[in-house]
Amino acid sequence: SDRYAVIGNPIGFSKSPLIHSTFAKMTGQDLVYEAIEAPLGGFNARVDQFRTEGAKGLNITAPFKLDAFAYANELSESADRAGAANCLKFEGDRIIAENFDGIGLVRDITVNLGVKMAGRRVLMLGVGGAARGALLPFLRQEPSELVLVNRTLSKAVALAEEFAGCGPLIVSGYAELADLAEGYDVVVNATSASLRGEMPPLPGNVFRGSELAYELAYGKGLTPFLQAARAEGVAKLADGVGMLVEQAAEAFAWWRGVRPGTAQVIAELTVPLS
Ligand code: ATR
């Protein structure tokens, strides 16, 4: 059977083997999906080896998304725009890079959570790798505005310049957000603050009237960001588990030509946020 894997460091907590094995069962696809922990600095050698063994594709998680991008010899538009790859496909000498994180997030928000982004005000916290991949897919939903906030303002300005002309992108510091007349319909936390139990310095009023607060990190329960959103009365709270499963489904469809349903796997992996 065809071989695939997720590669990262550490990799022990990855849900990808479970997700893809379930997809394979659901769709009757004959494949084996492994987890590979490559040493830091050892991405290329490990992937060379895996390809020699006949592998067909890889998912890539931290800290190797930039290495995977550099390793590829063909880039999809989304990988090119993100400057990072979360998925590779091997076809003979072709090493094709994709990035499904952004589309996975959009699908989770719009399809699974039923929250429209078109014509809405969207606030994105953080401008690291996670935010970057989501930018173009978000703008394609045609929000009325997409505000990028970052502690280090210069990084937000640089990112907005890169995507100038792609849509209504606005840059702000955290402090200036307090002057808002109204809140945001969708607030997405793409900072790494929650991984350390921290909270971005967000004024409470950004949640006024919000429909959804989305935490990209998953498996962290009710993070300080989600707690703040709940305290401000936001009805829909989500973490990144749906995004994880949706990007996996995109990868599976790209590799195998058949798109698995995602609801069952999302339900299995969801830990109640309370
Ligand atoms: P990732 O690839 O997970 O996005 P990253 O590239 O290191 O990680 O980016 C982390 C993001 O989280 C950055 O936008 C960072 O803000 P700065 O650029 O100002 O450092 C943001 N971040 C991390 N901790 C934060 C905190 N406690 N409050 C606000 N923003 C934070």
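Q: Between which helix and which strand is the loop that holds asparagine 86?
A: Heads-up first: this is a predicted model, where local features need pLDDT of at least 70, side-chain atom pairs count only at pLDDT 80 or more, and totals for chains, interfaces and linings use all residues. Residues are numbered from 1 along each chain as its sequence is written, and side-chain values use heavy atoms, with hydrogens and water left out. Helices (H or I, at least four residues) and strands (E, at least two) are DSSP runs numbered from the N terminus. On that scheme, the loop with asparagine 86 links helix H4 (77-82) and strand E5 (87-91).

Q: Is asparagine 86 buried or exposed?
A: Buried means under 20% relative accessible area, exposed means over 50%, and partly exposed is in between (1.4 Å probe, protein chains only). Asparagine 86 has a relative accessible area of 2%, so it counts as buried.

Q: Which residue's backbone nitrogen lies 3.0 Å from a polar side-chain atom of asparagine 86?
A: A polar contact is a pair of N or O atoms within 3.5 Å; within protein, one must be able to donate a hydrogen and the other to accept it, and residues adjacent in sequence count only if both atoms are side-chain atoms. For the side chain of asparagine 86, the backbone nitrogen belongs to phenylalanine 100.

Q: How exposed is glutamate 176, as a relative accessible area?
A: Glutamate 176 is in the loop between strand E9 (169-172) and strand E10 (186-189). A polar atom of its side chain is 3.2 Å from the backbone nitrogen of glycine 173. Glutamate 176 is classed as partly exposed because its relative accessible area is 44%.

Q: How many bridges join E1 to strand E2?
A: Strand E1 (residues 2-8) is mostly covered, with five of its seven residues buried. The chain gets from E1 to E2 by way of helix H1 (residues 16-27), in a right-handed β-α-β crossover (with the strands pointing away from the viewer, the path from the first strand over the helix to the second runs clockwise). Two strands pair if DSSP finds at least two bridges between them. E1 and E2 (residues 31-37) run parallel, and isoleucine 7 stands opposite isoleucine 36; the number of bridges is seven.

Q: Which residue in E3 stands opposite valine 6?
A: E1 also pairs with strand E3 (residues 57-60), in the parallel sense over four bridges. Opposite valine 6 stands asparagine 59.

Q: Which residues of E10 are buried on each side?
A: In a regular strand the side chains alternate between the two faces of the sheet. In E10 both faces are covered: one side has Val186 and Val188, and the other has Val187 and Asn189.

Q: What is the bridge partner of valine 187 in E11?
A: E10 pairs in the parallel sense with strand E7 (residues 121-125) over four bridges, where leucine 125 has asparagine 189 as its partner. E10 also pairs in the parallel sense with strand E11 (residues 212-215) over four bridges. There, the partner of valine 187 is alanine 213.

Q: How much of the ligand's area does the protein bury?
A: Polar side-chain atoms come in from asparagine 150, 2.7 Å from a ligand oxygen, and glutamate 198 has a side-chain N or O atom 2.8 Å from a ligand nitrogen. Accessible areas come from the Shrake-Rupley method with a 1.4 Å probe; for residues, only the protein chains shown count as cover. Taken alone the ligand exposes 640 Å², and the share buried by the protein is 74%.
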